[in-house]
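Please take the sequence and the model below side by side, and follow the chain from its overall plan down to single side chains.

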Amino acid sequence: MKFVIVFAALFAIALAAPAQQEAQVLRYDSDVQPEGYKFIVETSDGKTHQEEGQLKDAGTDHEAIVVRGSYSYVGDDGVTYTVTYLADENGFQPEGAHLPHA
């Protein structure tokens, strides 16, 4: 009996939840080269993502890819949040006004 009550409650919540619409891609540009790449994507739900990667110290023992980029999205509170980042041999290093600082 408890299962039926829980199922009915979950079903009612699912019906009451607003339907999510699928975002449409408004812009997509990319350029891929042997020693690097870059792209930008913008969607109808307010999200953007841009990134650029370059090969560093090609052909050496210290060869690595360095990636710089940013992404933005609209939070549930209506505020647009932006994260900029660097990813290299030292790991992923994000920065944003809403992120805690070390």
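Two strands are taken to pair if DSSP finds at least two bridges between them. With that in mind, and remembering that the model shown here is a predicted one, one can turn to strand 4, which covers residues 64–74, and strand 5, which covers residues 80–88: these two run antiparallel and are joined by 8 bridges. One of the residues in this pairing is V74, whose bridge partner in strand 5 is T80. Strand 4 and strand 5 form a hairpin with 5 residues between them, and within that turn G78 has a positive phi of about 85°.

The hairpin belongs to a wider plan. The secondary structure of the protein amounts to 1 helix and 6 strands, and reading along the sequence gives the pattern α-β-β-β-β-β-β. An open sheet of 6 strands is present, with the order 1-2-3-4-5-6 and antiparallel pairing. Its edge strands are strand 1, at 25–33, and strand 6, at 91–95, each of which pairs on one side only. From one strand to the next the twist averages 10°. As a general point, strands of a sheet pair through backbone hydrogen bonds, either parallel or antiparallel.

On its other pairing, strand 4 is joined to strand 3 by 9 bridges, and these two strands again run antiparallel. Here H49 stands opposite Y71 in strand 4. At the edge of the sheet, V32 lies in strand 1; because its relative accessible area is 66%, and exposed means over 50%, V32 counts as exposed. The C-alpha atoms of V32 and E52 are separated by 9.7 Å, although the two residues are 20 residues apart along the chain.

How much of the protein is buried? Buried residues make up 19% of the 102 residues. One of the residues that deserves a careful look is E51, whose place is in strand 3, residues 48–56. E51 is buried yet has no salt bridge, and the nearest side chain of opposite charge, that of R68, is 12 Å away; since a salt bridge requires a side-chain nitrogen of Lys or Arg within 4 Å of a carboxyl oxygen of Asp or Glu, the R68 side chain does not supply one. What the side chain of E51 does make is a polar contact with the side chain of Y37, at 2.4 Å.

Y37 also leads to the aromatic side chains, for the structure holds 4 aromatic pairs. Among them, Y37 and F39 form a stacked pair, with 6.4 Å from centre to centre and 10° between the planes. Are the members of this pair buried, partly exposed or exposed? Y37 counts as partly exposed because its relative accessibility is 22%, and F39 is likewise partly exposed, with a relative accessible area of 22%. Another of the pairs is formed by Y85 and F92, which are tilted, with 5.4 Å from centre to centre and 40° between the planes. Y85 has a relative accessibility of 9% and therefore counts as buried, given that buried means under 20%.

Which residues do ring pairs link into a cluster? They are Y71, Y85 and F92. Y71, the residue that H49 stands opposite in strand 4, thus appears both in the strand pairing and in the aromatic cluster.

Conventions. Residues are numbered from 1 along each chain as its sequence is written. This is a predicted model: local features need pLDDT of at least 70, side-chain atom pairs count only at pLDDT 80 or more; totals for chains, interfaces and linings use all residues. Side-chain values use heavy atoms; hydrogens and water are left out. Helices (H or I, at least four residues) and strands (E, at least two) are DSSP runs, numbered from the N terminus. Axes are lines fitted to C-alpha atoms, for helices over the stretch in contact, and angles run from 0 to 180 degrees between N-to-C directions. Rings of Phe, Tyr and Trp (its six-membered ring) pair if their centres lie within 6.5 Å; planes under 30 degrees apart count as stacked, over 60 as edge-to-face and the rest as tilted. Buried means under 20% relative accessible area, exposed over 50%, partly exposed in between (1.4 Å probe, protein chains only). Lys and Arg count as positive and Asp and Glu as negative; His and the chain ends are not counted. A polar contact is a pair of N or O atoms within 3.5 Å; within protein, one must be able to donate a hydrogen and the other to accept it, and residues adjacent in sequence count only if both atoms are side-chain atoms.
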